[in-house]
Amino acid sequence: MNAITTINAISTASPTHASRLCGVALVPAGLCQYGEQVRPADLLRVDFDADTIRVDGLYLVEGMTDDGVAWMGCRRFSRSLDGALSVDDSGRGDWRDVSNLEAAGFRVAGYVEQVYRAV
């Protein structure tokens with residue numbers, strides 16, 4: 001039997017981003033379902049210090065509107081050889097260009113380092 005212990009590394013105060021979470025923590029996936037890659041019962045190990053897309057992979061992002069955060073979920077981002085940034089909106093290969101994250105309505109909340117799933 002494997003046991004996963006939730007770590008309490010989340011801090012809601014950061015000197016540079018007062019409203020951002022920081023540190024690394026295990027987060028219940030809940031409503032973050034993303035194709036077959038993230039299911040509602042999964043746990044996500046998220047690095048909340050990552051606030052930009054630095055490497056290809058899964059990110060916890062917020063969908064932003066003029067009124068604030070409209071939703072939060074996982075999305076896979078990838079950079080092409082020419083540096084263009086793309087997002088797979090569905091987790092099923094529906095890639096689109098998002099060279100400007102802000103214009104696309106995204107704000108990066110953290111980098112998903114690992115997805116844990118009960119077996």
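Two strands count as paired if DSSP finds at least two bridges between them. By that rule, seven strands of this predicted model form an open sheet with antiparallel pairing, in the order β1-β2-β7-β3-β4-β5-β6. The protein chain has one helix alongside its seven strands, and along the sequence the pattern reads β-β-β-β-β-β-α-β. Here is a short tour, from the whole chain down to single residues.

**The chain as a whole**
- The protein chain has 119 residues, of which 38% count as buried.
- Its accessible surface comes to about 7400 Å², and carbon and sulfur atoms hold 51% of that area.
- Among contacts in the chain with a separation of 6 or more, 47% are between residues 24 or more positions apart.

**The sheet, strand by strand**
- The edges of the sheet are β1 and β6 (95-97); each has a single partner strand, so one side of each is left without a neighbour in the sheet.
- On average, neighbouring strands are turned by 40 degrees against each other, with direction ignored.
- β1 and β2 run antiparallel and are joined by five bridges; proline 28 has leucine 43 of β2 as its bridge partner.
- Leucine 43 also links onward, with tyrosine 116 as its bridge partner in β7.
- The pairing of β2 with β7 is antiparallel and extends over five bridges.
- On to β3, which is joined to β7 by five bridges, again in an antiparallel arrangement; here valine 61 stands opposite valine 108 of β7.
- As general background, strands of a sheet pair through backbone hydrogen bonds, either parallel or antiparallel.

**Two nonpolar cores**
- The largest nonpolar core has 14 residues, and those touching the most other members are Val38, Leu44, Val46, Leu60, Cys74 and Val112.
- Two or more residues of this core come from each of β1 (24-28), β2 (43-47), β3 (57-65) and β7 (106-116).
- A second core, separate from this one, has ten residues, including Tyr59, Val87, Leu101 and Phe106.
- Which residues does valine 112 contact, leaving aside its neighbours within four places in sequence? They are Leu44, Arg45, Val46, Leu58, Tyr59, Leu60 and Cys74.
- In soluble globular proteins, nonpolar side chains tend to be buried together.

**Asparagine 100, ahead of the helix**
- Asparagine 100 is placed in the loop between β6 and α1.
- Is asparagine 100 buried or partly exposed? Its relative accessible area is 45%, and a residue counts as buried only under 20%, so asparagine 100 is partly exposed.
- A polar atom of the asparagine 100 side chain lies 3.1 Å from the backbone nitrogen of glutamate 102.
- The same side chain, that of asparagine 100, reaches the backbone nitrogen of alanine 103, also at 3.1 Å.
- Serine 86 is 14 residues away from asparagine 100 in sequence, and their C-alpha atoms are 9.8 Å apart in space.

**Glycine 105, after the helix**
- Glycine 105 lies in the loop between α1 (101-104) and β7.
- With a relative accessible area of 14%, glycine 105 falls under the 20% cut-off and is therefore buried.
- Beyond its neighbours within four places in sequence, glycine 105 is in contact with Glu62, Gly63 and Met64.
- The C-alpha atom of glycine 105 is separated by 9.6 Å from that of valine 69, which is 36 residues away along the chain.

Definitions and conventions:
Residues are numbered from 1 along each chain as its sequence is written. This is a predicted model: local features need pLDDT of at least 70, side-chain atom pairs count only at pLDDT 80 or more; totals for chains, interfaces and linings use all residues. Side-chain values use heavy atoms; hydrogens and water are left out. A nonpolar core is a set of buried Ala, Val, Leu, Ile, Met, Phe, Trp, Tyr and Cys residues joined through side-chain atoms within 4.5 Å. Buried means under 20% relative accessible area, exposed over 50%, partly exposed in between (1.4 Å probe, protein chains only). Helices (H or I, at least four residues) and strands (E, at least two) are DSSP runs, numbered from the N terminus. Contact means heavy atoms within 4.5 Å. Axes are lines fitted to C-alpha atoms, for helices over the stretch in contact, and angles run from 0 to 180 degrees between N-to-C directions. Accessible areas come from the Shrake-Rupley method with a 1.4 Å probe; for residues, only the protein chains shown count as cover. A polar contact is a pair of N or O atoms within 3.5 Å; within protein, one must be able to donate a hydrogen and the other to accept it, and residues adjacent in sequence count only if both atoms are side-chain atoms.
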